[in-house]
Amino acid sequence: MNRRDLDRRRFLKLVGASALTYPFLRGVPSYAADGGSSSSGSTDPVYLVLLFTSCGTIRYRWGAQGPAPTTTTAAVTSPLVFRDTLSAFTKAGPMQVDLSNQVTVLDGLQVKAAGSGSHEAGMAALWTGLTSSGNPATGPSIDTVVSAALNAPTPYPNIPLMVQSSADYQTRSVDTRMLYDTMGNFVDPYTDPSAALQTLFPTASAPTTGSGPNKKSFLRQKIAAQLNQDLTALQARLCTEDRQQLQNLQAVWNQVEMQTQAAAAAAASCTAPTIPSVPDAGTSDPFPVYAQAMPNILAMALACDLTRVASLQYSHALSPVTHTWLGSSQTSTHHIYSHQGPTWIGALGSDPYNEPASATSQYVQQLMDIESWYAQQVAGVAYTLSQFKTASGKNLLDQTIICWGSELDMGAAHTHDNTPFVLIGGGGAGLKTNQLVRFLVNYGPNAQNNASGTRFHNDLLTTLAQAMGVSLPGGTFGTSSYCTGPIREVFA
Amino acid sequence: MLRSRPSARASWVAVALSVAGCAEERHLALPGQDTTGVGGDASSAPVTEAPASIGVGLFAASCTPGAPTVDWSPVRRISRVEYDDMVRDLLGDTTQPANGFPPESPLTTGVNFEANTYTGVSSLIVQDYEQAAETLAATAVSSASTLSSILPCQTQDAACATQFIGSWANRAFRGQLDATVQASLLALFDETVAEFDFPTGIQAVITAVLESPRFLYVLEFGEPSEGGTVVPLAPYEIAARLALFLWRSVPDATLMQAAQSGQLATVAEVQAQATRMLADPKAQTALNDFTTQWMQLQSTPVLGKDTQFAFWNSDSKLGSELVDETLTNFSQEVLDGGALTDLLTSPSSYINGDLASFYGNGNGNSAITLGQGAGVSVDDPAVGTTEYVRTTIPNRAGILTNGSVLATQAHTTLPSSVLRGKLVREQVLCDAIPPPPPGIPAPATSVGDAGTTRSVLEAHFNKQPCVSCHQYMDPIGLGFGFFDATGAYQPDDANGFQTAPPGGFPAIDATGQVVPMYKTEFSTTFNGATDLAHQLAGATQTQECFALQEFRYALSRVESMDDACSAQAVFQAFASSGLTIEKVLVAIVGSDAFRYRSLETPGSECQ
């Protein structure tokens with residue numbers, strides 16, 4: 001496997017002070033090829049990105065300041081005044097740029113579909129809106145549905161990425177996977193930046209030993225034809241369920257072939273991103289290096305219009321990552337630190353942002369540092385996108401709707417009653433930004449952990465679809481009884 | 001939808017869950033507890049009969065001797081371990097490309113044997129297959145020496161390519177090379193040579209073979225047959241099964257030759273091959289793969305433990321070494337012709353110097369000196385090459401008291417009687433426990449005012465819906481109370497305390513019981529892990545369960561009623577050999593379930 005060895009300094013130079021306008025590599029006319037009739041920019045594509053970090057939040061440090069609603073109508077506060085953790089958006093990326101005017105903080109959304117379940121239920125329900133008590137979802141996630149509906153003329157319908165730790169579970173299961181295809185099967189994200197680079201930007205990587213581009217495409221074409229023949233012949237000899245295995249292989253294989261060819265064509269006019277090199281395996285967790293690499297790949301994939309829908313998950317539910325690079329006090333895992341805290345949201349009192357000392361003192365500094373770091377990472381993703389501008393002056397972050405979520409609201413409580421969601425970008429795609437949109441949450445009587453929201457996150461998922469210009473069947477997504485309609489406060 | 005199973009199988013799982021007794025009202029009395037007014041103790045019969053299918057009930061099910069009966073073996077993808085072993089044996093490649101592939105999905109029936117990959121492929125999996133195949137093929141032809149090491153002939157011509165395809169491709173396909181595919185591979189070679197050169201032609205063939213479903217999937221059709229429900233496997237299909245089970249790889253030349261010359265027809269012939277294969281070093285990966293899954297050691301090398309465990313946190317190799325200890329214990333037991341009893345009860349374990357320090361590390365442990373016997377050289381990339389020597393370790397008995405098992409079935413600060421009991425219940429007794437209901441709180445991370453780790457579990461014993469399932473796990477796990485969250489010995493209950501309370505840490509009570517889930521199951525009380533290990537080893541349920549786990553592993557599927565006669569014959573051979581582990585493996589390959597398959601009709605529902 002080949003690696004790009006450009007170091008961080010060179011990358012900073014490209015995307016930093018001396019390169020405030022990084023030219024889009026596909027010019028305006030290619031947008032017109034989408035079917036738009038003009039190059040006025042009204043047909044500029046819009047991109048959807050789902051981001052995931054694990055184990056919920058420290059509630060009193062989260063979000064932004066603003067009064068709680070007293071009715072089921074959302075209370076909107078603008079401009080944003082962040083609390084501690086999200087202040088990372090005021091100093092985003094290596095140039096410490098203030099991106100708070102790109103953000104909408106959503107406060108008070110309940111992931112009703114996760115019911116009284118724990119991490120697994122929250123992970124399964126997060127992007128599917130489907131009821132789960134901990135089992136994998138049985139239907140598609142919102143990115144799958146949006147990309148299918150868009151049917152965009154891009155090489156890939158969807159690019160799922162993961163910043164994976166060497167400590168992460170090596171399983172393909174409900175806690176490690178957040179995306180599902182139309183059949184309800186897990187979608188596997190790219191976990192190796194070098195491999196993702198090689199696949200997504202094929203002509204950019206050095207040819208493998210003994211073959212050049214001509215040879216590779218010659219062989220692929222010949223072999224694909226032969227494989228299809230043999231797959232058809234084999235299927236005819238099998239009983240139904242066995243036949244479906246090979247049918248599935250054939251369908252996915254042919255789809256990948258088409259994507260590869262389209263990616264090669266796209267890559268001809270696109271420069272691969274640079275990614276930092278990873279230290280030798282076995283010495284340390286590559287997680288922080290991958291956390292630099294994957295956003296670069298994500299941004300360039302969107303900039304080259306390789307896809308309209310992408311996602312990036314940092315580790316997975318119950319994250320077992322030990323964030324040693326944040327300091328020597330980091331000796332335990334994210335999941336373990338997240339268990340240090342109030343075990344029910346009612347313990348926070350009637351206002352979760354004015355928690356009594358008996359609650360706030362339970363949190364450990366390590367968890368605060370971890371959450372600040374992830375906020376910096378997400379702000380960095382936004383910053384990287386903002387550095388790409390079209391020839392017509394459009395900003396990629398304006399054209400991208402980023403939705404950031406987690407599988408819980410509070411780590412120790414294992415609840416979903418006020419689950420943190422943040423929208424970033426999309427100002428050029430009809431979203432209103434620089435606001436806190438706060439929904440009413442009923443925090444129950446003190447003795448019981450029975451807080452409940454009045455607005456469910458299914459409405460956020462339908463909002464994402466609407467923002468992408470996609471109509472959903474019946475106007476609902478996931479468990480339909482949890483849908484009341486898109487969140488209108490999100491739209492300009 | 002590819003994840004769905006045939007309806008018969010789905011109804012099984014439902015039956016198993018409902019009769020597992022976990023919905024019943026029962027109260028459990030622990031030894032020493034007041035049972036007044038509480039119904040039932042270990043000696044009274046549970047109210048449900050044994051289930052008709054899953055688990056050790058298979059060994060009591062009715063078997064009508066006569067024509068073989070076999071359950072359907074679904075088509076499956078090869079696992080990552082198999083992919084790496086196969087390209088090692090086919091191309092001499094040791095880069096282990098499958099390490100980067102998406103992992104297998106566990107079966108959903110409570111058995112987690114990851115040789116099985118029944119779920120559909122994703123785009124990423126296919127991309128990985130393609131890229132790996134292209135890289136492996138390009139490397140294989142990249143120099144004259146690599147090329148000549150895989151070709152059966154030295155002349156670079158079509159005749160040599162034909163010979164290569166006939167032998168190498170057939171071996172990669174584990175015998176599933178037919179005339180049509182052979183011809184198309186040769187045509188691919190010819191067309192590629194015409195455009196490029198001979199090495200590229202071979203590269204094309206290798207790429208096509210490694211991307212073929214005949215390589216990536218285990219395909220079986222059986223001998224041509226007129227009818228019936230069961231057919232014998234074709235000779236090369238038996239060769240394939242032997243190689244997959246005992247080596248997690250492709251057959252070697254000897255096996256292929258035996259298949260081609262009809263020398264895999266009798267049970268004796270098949271078993272002779274198995275014996276030969278077990279003595280081959282290639283058996284090591286398969287044995288290690290079984291042990292890793294059986295004892296659930298996949299994440300042990302990277303377990304996080306609280307900072308109070310200084311040894312664990314300062315020695316990053318410890319987790320890997322503990323795994324290697326357990327893997328070596330199992331594989332040596334097999335290779336030495338040892339018995340299940342020894343595996344489960346021996347006070348000795350294969351450890352290296354680092355582990356001797358860990359096991360002898362203070363806190364009531366005396367220093368441990370490595371044994372005097374011959375060492376086993378273990379090469380672990382995470383550790384290096386070290387010698388593991390059979391060494392007596394005090395307070396321990398058998399594989400269930402290995403540090404690896406105890407540390408994995410534990411939390412970061414506290415040991416877990418629930419997890420340890422669950423491992424014994426599911427993996428050693430073959431009783432499935434359904435997942436917990438939603439909405440339960442997270443496990444305690446400290447003992448707090450409760451006093452003892454044991455008392456923390458009392459919440460499970462006095463209320464529903466907890467006790468109906470936890471009674472089958474917790475009282476077993478309590479027997480391991482003298483081992484902390486890292487698997488190290490502790491003389492008293494220091495869990496969760498920073499400093500000893502006045503009067504010292506509480507004493508540990510490691511008494512417990514094995515509560516039978518069904519009428520005919522093993523039932524006992526015990527005091528401590530050594531007592532538990534000896535009693536488990538002597539229980540028929542344990543012995544049957546071990547045979548069943550190997551049976552499942554060999555066939556890469558879960559058992560059904562159709563397998564009753566095969567399973568019972570296997571157990572007969574196992575029991576009459578004095579529970580020699582190697583005998584189970586050899587008995588399985590001689591069974592009907594291994595040598596026959598269900599007759600499937602193309603286009604119809606799989607039976």
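In this predicted model, the second largest pocket has a volume of about 960 Å³. Its lining is made up of 40 residues, and those that lie nearest the centre of the pocket are A:Pro157, A:Asp181, A:Gln255, A:Gln259 and B:Ser123. Three elements give two or more residues to this lining, namely helix 4 (142-150) and helix 7 (240-267) of chain A and helix 3 (123-140) of chain B. Of these, helix 7 of chain A gives the most, with 9 residues. In terms of residue character, the lining of the second largest pocket divides into 19 nonpolar, 16 polar and 5 charged residues.

Enclosed spaces were examined as well, and the count comes to 14 cavities of 30 Å³ or more. The largest cavity has a volume of about 190 Å³, and 16 residues line it, with B:Ser73, B:Arg76, B:Val218, B:Glu220 and B:Leu555 the closest to its centre. Helix 9 (235-247) and helix 23 (540-555) of chain B are the elements that give two or more residues to the lining of this cavity, and the largest share, 3 residues, comes from helix 9 of chain B. The lining of the largest cavity comprises 9 nonpolar, 2 polar and 5 charged residues.

Helix 23 of chain B also takes part in a helix-helix contact, since its axis and that of helix 24 (residues 564-576) of chain B come within 10 Å and cross at roughly 120 degrees. An angle of this kind falls outside the ranges counted as roughly parallel, roughly antiparallel or roughly perpendicular, and helix 23 and helix 24 of chain B are therefore oblique to each other. The crossing in which helix 23 of chain B passes helix 24 of chain B is right-handed. On the side of helix 23 of chain B, the contact is made by B:Thr540, B:Gln543, B:Glu544, B:Phe546, B:Ala547 and B:Phe551, while helix 24 of chain B contributes B:Ser566, B:Ala567, B:Val570, B:Phe571 and B:Phe574. The residues of this contact divide into 7 nonpolar, 3 polar and 1 charged.

In chain A, the axes of helix 5 (residues 193-200) and helix 8 (residues 287-303) come within 10 Å and cross at roughly 15 degrees. Because angles under 35 degrees count as roughly parallel, helix 5 of chain A is roughly parallel to helix 8 of chain A. Helix 5 of chain A passes helix 8 of chain A in a left-handed crossing. The contact joins A:Pro193, A:Ala196, A:Leu197 and A:Leu200 of helix 5 of chain A to A:Tyr290, A:Ala293, A:Met294 and A:Ile297 of helix 8 of chain A. The residues of this contact divide into 8 nonpolar, no polar and no charged.

Two features of the backbone in chain A may be set against a general background: most residues other than glycine have a negative phi, and most peptide bonds are trans. A:Cys55, although it is not a glycine, has a positive phi of about 70 degrees, and A:Cys55 lies in the loop between strand 2 (47-52) and strand 3 of chain A. A cis peptide bond, with omega about 0 degrees, joins A:Ser78 and A:Pro79. The second residue of this pair, A:Pro79, is found in the loop between strand 3 (75-77) and strand 4 (103-110) of chain A.

Note on methods:
Residues are numbered from 1 along each chain as its sequence is written. Chains are lettered from A and ligands numbered from 1 in the order in which they are written. This is a predicted model: local features need pLDDT of at least 70, side-chain atom pairs count only at pLDDT 80 or more; totals for chains, interfaces and linings use all residues. Side-chain values use heavy atoms; hydrogens and water are left out. On a 1 Å grid over the protein atoms alone, a cavity is a set of points where a 1.4 Å probe fits but cannot get out, and a pocket is an open set with protein on both sides within 12 Å along at least five of seven lines; lining residues have an atom within 4 Å of a point. Grid points are joined across faces, edges and corners, and a volume is the space filled by probe spheres set on the points. Helices (H or I, at least four residues) and strands (E, at least two) are DSSP runs, numbered from the N terminus. Ala, Val, Leu, Ile, Met, Phe, Trp, Tyr, Cys and Pro count as nonpolar, Asp, Glu, Lys and Arg as charged, and the others, Gly among them, as polar. Axes are lines fitted to C-alpha atoms, for helices over the stretch in contact, and angles run from 0 to 180 degrees between N-to-C directions. Angles under 35 degrees count as roughly parallel, over 145 as roughly antiparallel, 65 to 115 as roughly perpendicular and the rest as oblique. A crossing is left-handed if the near helix is turned anticlockwise from the far one by less than a right angle, and right-handed if clockwise. Contact means heavy atoms within 4.5 Å.
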